[in-house]
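Biologist: Please take one part of this model and go through it slowly, residue by residue where that helps. I would like the contact between the chains, together with the elements that surround it.

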Amino acid sequence: MSIADELDMLRATVPGCTLVAFGDLNARIVLCASAAQKPPQEDLDALCLSASGALDGGFAGSVAAFLGGSRLTQAVTLGSGEIRLFLRSHLDSADALFCTFTDQTDIRDMLDAGRRTLHRISEQP
Amino acid sequence: MIRNNATYALGDTASICPRVAARLVRLGARVRLNGLGHRRLSAPDQRDLTAALLRDIDETILPRYVRVVANTGQRFALDIAGRRLLRLVIAGSGGSVGDPGDPVEAARGLARNLERALLRATEVTLQSHRMDSSQDRSDVGSSATALAAALGLDLDAPAGEDLTDKAMRSLRRHANAALVLDADGRITERLGEPGGAARLEALSQAHLRDIQSAMARSMATRDTPGCLILGIDATTGSYLIHASCDRARFLALVDAHRIDMLLPVLQDIFAH
């Protein structure tokens, strides 16, 4: 299955999921995205920068060590009307999945499904 | 018919345990009946209605079979006993009992079906019948509190709480340790394990501003209440939570095995 298909399937599987994107945290670019209405590239880039700030910001190493690990692999932001999820792959630390969804989505379902999708994508040669 | 007209002076309810006070208020509320003598529950939205129905289940000890009609037209039936929802059957689809071997998954499954049954409803009519059962059903279905946890609802929440109160209560319940901070980042209260709170304090001194700005940059809307949850793995380690409310900020440490209980609560507080 192609990356685009994986992203489409994830978005279709989780009710309330409005956008799924796959990107590179080192290059800070979104490589592929799935959305009902595709947002402008600058919005996708901003999303990637937010993910990079949350997972690799100046505090990230200290917080990861504080939590008992070496890298932050997930960040969730909750705000009025929209939830954002940033996941880093365990297989390739640059691979990341960015999801936005509404309050109708169970975060736990989104986390589980997002992790599985990212794992499959990172496994691909 | 036995009618209890007794009244009890509650005194200063603030001095009573909030959980007991909330229950006394609910018990004192008048039961609403429709023209056929069936009980009615109504609420401003689906979540409040779900909480009201779960409170009803939480107060049902003897086995009951309850037919429910929602104001959306949805019909479903509930088997209730011992403060547990044993079975949920939605008209036109199969029954749902969950897997007794996995209580958390059973609660999530039942909770999802209850959400589906109450979709967009703001009122339900309950037609209740006694159910003959001498079996021990304590391993069937899910308790009302487990269902509430799966849905991120707090059955004991006092009315009129603001965001800060809600966040404080949920972190007291689920976090290993937490700091309550004022707008300038000064610590006003330490919750939970003293060791964890001390570690949070050290982290706060070094990185609070960076964490706050990462949260602000990550949120769709700026300068509004929000929450950032950072983790290293789904099943191991811990989670760091930074929350910004109307009156306070919080920095909390939560074990991975507790996060599943807290996530729907935080979602309810900050994302609705």
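Modeller: A:Phe86 and A:Phe98 are both buried, and they make a convenient point of entry. The model is predicted, and what follows should be read as such. Over all chains, the structure holds one aromatic pair. That pair is A:Phe86 with A:Phe98, whose ring centres lie 6.1 Å apart with 80° between the planes. The pair counts as edge-to-face because an angle over 60 degrees between the planes is what that class requires. A:Phe86 belongs to strand 4 of chain A (residues 82-88) and A:Phe98 to strand 5 of chain A (residues 95-101), so the pair ties together parts 12 residues apart in sequence.

Now the contact itself. Chain A contributes 37 residues to it and chain B 38 residues. About 3200 Å² is buried between chain A and chain B, and carbon and sulfur atoms give 58% of this area. Of the area that chain A buries against chain B, A:Phe66, A:Leu78 and A:Arg108 supply 26%, more than any other three residues. A:Phe66 also has a charged partner: B:Arg199 lies over the face of its ring, 4.4 Å from the ring centre.

Next come the charged pairs. Side chains of opposite charge can pair when their charged atoms come close. The count is 18 salt bridges over all chains, and two salt bridges between chain A and chain B. In one salt bridge, the side chain of B:Arg112 meets that of A:Asp109 at 2.9 Å, N to O. B:Arg112 lies in helix 3 of chain B and A:Asp109 in helix 4 of chain A (residues 107-123), so this pair joins two chains. A:Asp109 has 23% relative accessibility and counts as partly exposed, because the limit for buried is under 20%. B:Arg112 is partly exposed too, at 34% relative accessibility. B:Arg108 belongs to the arrangement as well: A:Asp109, B:Arg108 and B:Arg112 are linked in a network of salt bridges.

Helix 3 of chain B can be followed further from here. This helix covers residues 103-117, which makes 15 residues, and reaches 21 Å from first C-alpha to last, close to the 21 Å expected at 1.5 Å a residue. Its buried residues are B:Ala106, B:Ala107, B:Arg108, B:Leu110, B:Ala111, B:Asn113, B:Leu114 and B:Ala117. B:Arg108 is thus a buried residue of this helix and also a member of the salt-bridge network. In the loop between helix 3 and strand 7 (123-130) of chain B lies B:Arg120. Its phi is near 65°, a positive value in a residue other than glycine. B:Arg120 is exposed, with a relative accessible area of 65%.

Helix 4 of chain A also carries a salt bridge of its own. There the side chains of A:Asp112 and A:Arg115 meet at 3.6 Å, N to O. The two residues are three apart in this helix, about one turn. A:Asp112 is partly exposed, with a relative accessible area of 32%, and A:Arg115 is partly exposed at 22%.

Helix 4 of chain B (residues 144-151) also meets helix 4 of chain A. This chain B helix is mostly covered, with six of its eight residues buried: B:Ala144, B:Leu147, B:Ala148, B:Ala149, B:Ala150 and B:Leu151. These buried residues pack against helix 4 of chain A, and within chain B against helix 2 (46-58), strand 5, helix 3, strand 8 (142-143) and helix 7 (256-270). After helix 4 of chain B comes B:Gly152, which has a positive phi near 70°.

Strand 5 of chain B leads to another backbone feature. B:Arg83 sits in the loop between strand 4 (75-81) and strand 5 (84-90) of chain B. B:Arg83 has a positive phi of about 65° although it is not a glycine, and it is partly exposed, at 30% relative accessible area.

One further salt bridge lies within chain B. The side chains of B:Arg172 and B:Glu189 meet at 3.0 Å, N to O. B:Arg172 is in helix 5 (residues 163-174) and B:Glu189 in strand 10 (residues 187-192) of chain B, so the pair ties together parts 17 residues apart in sequence. B:Glu189 is partly exposed, with a relative accessible area of 28%.

Methods. Residues numbered from 1 in each chain as written. Chains lettered and ligands numbered in written order. Heavy atoms only, no water. Helix = DSSP H or I, 4+ residues; strand = E, 2+ residues; numbered from the N terminus. Expected span 1.5 Å × (residues − 1). Buried < 20%, exposed > 50% of the residue type's maximum accessible area, 1.4 Å probe, protein only. Phe/Tyr/Trp six-rings, centres within 6.5 Å; stacked < 30°, edge-to-face > 60°. Lys NZ or Arg CZ within 6 Å of the ring centre and 35° of its normal. Contact = heavy atoms within 4.5 Å. Buried area = accessible area lost by both parts, 1.4 Å probe. Salt bridge = Lys/Arg side-chain N within 4 Å of Asp/Glu carboxyl O.
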